[in-house]
Amino acid sequence: MAQVGFIGLGNMGGPMAANLVKGGHQVRVFDLLPAALEAAVAAGCDVAASAGAAAQDADFVITMLPADHHVQTVYLGEQGLVQQVAATALVIDCSTVSAATAQAVHEAFAARGVAFIDAPVSGGVGGAQAGTLTFICGGEASAVNRAHEVLTHMGKNIFHAGAAGAGQIAKICNNMLLSVLMVGTSEALQLGIAHGLDATVLSEIMAKSSGSNWTLDVYNPCPGVMEKAPASRDYEGGFLVDLMSKDLGLAQQAALASGAMTPMGALTHNLYRSWSALGHGRKDFSSIFKLLEAKQK
Ligand code: NAD
């Protein structure tokens, strides 16, 4: 059993911390929202008064925060964790942020001789609840191996993508591809519907043809085709348009920094930003299907 400090108990972090308790670990948590702390106590966690207090003397410190500036504040700001964790701790950031932020935090810990890895996840809220997440790690191999002791209680697959920041790059490559598949699937379905085809029949045809892909086969964006998909519950729950838009922004930053050509990623970034600006930021990302509905001729 390890002592774990866990900071950031939102849609993802809350169930992840609960799974660590189920795995037999002692978990001390912190979040800015009282409701998130109450849910964590009900799941068997101990509450700390600050991020620093949650991390103090912990064997493992895990963060699951929304975006770059939260991670920078929690680690590198005044009272930042970089100065507060035990020298023997392993620190794991599971948030999706830029590779540059992951590398800056890694460097700050390295100056103190503390191990840090970036370990963003795939699998969504369902995966966080079921303990079946995929962790995509960047950092030293020894630190990634050590992380297995806690990550196996929250996920099924653990990959080592490369050096510090590589986990974040692999994660945004995946999400950029996912967005392209979602937009492509949505426009193909809308084209068929505009010509009078039944979306369920068209989905079955494409699923058994060369257009088959995860967004069509498992997470169909057309309401009514799949009972359990967010599309069939007015796009509630799932992975928010705003989070996808953030990840696509990170992909574009990474493309600019490296000279990589990402025309499809740039287009989907613009589509998701527009969809958010139209008021759909809190809907599931498959709701982009609605933007692509045929207009009157
Ligand atoms: P969320 O907004 O539900 O939760 C974030 C939590 O962090 C909130 O409870 C917030 O109060 C807390 N927080 C913010 N600043 C803090 C601070 N300074 N100290 C302590 N707590 C603080 O977000 P989420 O959906 O749990 O996502 C977290 C990360 O995981 C994001 O980077 C997201 O891109 C990534 N992710 C999300 C999903 C998903 O399906 N939701 C899937 C994969 C990856």
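Begin with the whole chain in view: of its 297 residues, 46% are buried. Keep in mind throughout the tour that this is a predicted model. If you colour the chain by secondary structure, you should be able to pick out 13 helices and 9 strands. Along the principal axes, the C-alpha atoms fill a box of roughly 65 × 45 × 35 Å. The radius of gyration is 20 Å, which agrees with a compact globule, because a globule of 297 residues would have a value near 19 Å. Among the contacts between residues at least 6 apart in sequence, 63% join residues that are at least 24 apart.

Next, select residues 3-164 and give them one colour, then select 169-291 and give them another, since the chain is divided into domain 1 and domain 2 with these bounds. The centres of the two domains, taken over C-alpha atoms, are separated by 28 Å. Where the domains touch, domain 1 contributes 10 residues and domain 2 contributes 12 residues. On the side of domain 1 that touches domain 2, 6 residues are nonpolar and 4 are polar, while none is charged.

Now select residues 165-292, a stretch that the unreviewed UniProt entry annotates as "domain: 3-hydroxyisobutyrate dehydrogenase-like NAD-binding". Over these residues the chain is 64% helix and 0% strand, and the C-alpha atoms at the two ends are 35 Å apart.

Turn then to the ligand, and display the residues around it. The shell has 26 residues, and the closest of them are Gly-8, Gly-10, Asn-11, Met-12 and Thr-96. Helices α4 (68-76) and α6 (124-130) each supply at least two residues of this shell, and α4 gives the largest share, with 3 residues. By residue type, the shell divides into 16 nonpolar, 9 polar and 1 charged.

From the ligand, move on to Lys-171, which the unreviewed UniProt entry annotates as "active site". You will find Lys-171 in helix α8, which spans residues 166-194. Is Lys-171 buried or exposed? It counts as buried, because it has 26 C-beta neighbours inside 10 Å. If you leave out residues up to four places away in sequence, Lys-171 touches Thr-96, Pro-120, Ser-122 and Ile-136. Thr-96 is also one of the residues closest to the ligand, so selecting it links this stop to the previous one. 

The next stop is Ile-92, which has its place in strand β5. Ile-92 is buried, because 26 other C-beta atoms lie within 10 Å. Leaving aside neighbours within four places in sequence, Ile-92 is in contact with Phe-60, Ile-62, Ile-117, Ala-119 and Ala-147. Select Ala-143 as well and draw a distance between the two C-alpha atoms: Ile-92 and Ala-143 are 51 residues apart along the chain, and their C-alpha atoms are separated by 9.3 Å.

Finally, select Val-82, which lies in the loop between α4 and β5 (90-93). How many other C-beta atoms lie within 10 Å of Val-82? There are 18, which means that Val-82 is partly exposed. Apart from residues up to four places away in sequence, Val-82 touches Tyr-75, Leu-76, Ala-108, Phe-109 and Arg-112. To end the tour, add Phe-159 to the selection: Val-82 and Phe-159 are 77 residues apart along the chain, and 25 Å separate their C-alpha atoms.

Terms used. Residues numbered from 1 in each chain as written. Predicted model: local features only at pLDDT ≥ 70, side-chain atom pairs only at ≥ 80, totals over all residues. Helix = DSSP H or I, 4+ residues; strand = E, 2+ residues; numbered from the N terminus. Rg over C-alpha atoms; globule rule 2.2 N^0.38 Å. Buried ≥ 20, exposed ≤ 12 C-beta atoms within 10 Å, placed from the backbone. Contact = placed C-beta atoms within 7 Å. UniProt positions renumbered as here; feature names shortened; annotations may be inferred. Domains from an automatic or database assignment. Nonpolar A, V, L, I, M, F, W, Y, C, P; charged D, E, K, R; others polar. Near = placed C-beta within 6 Å.
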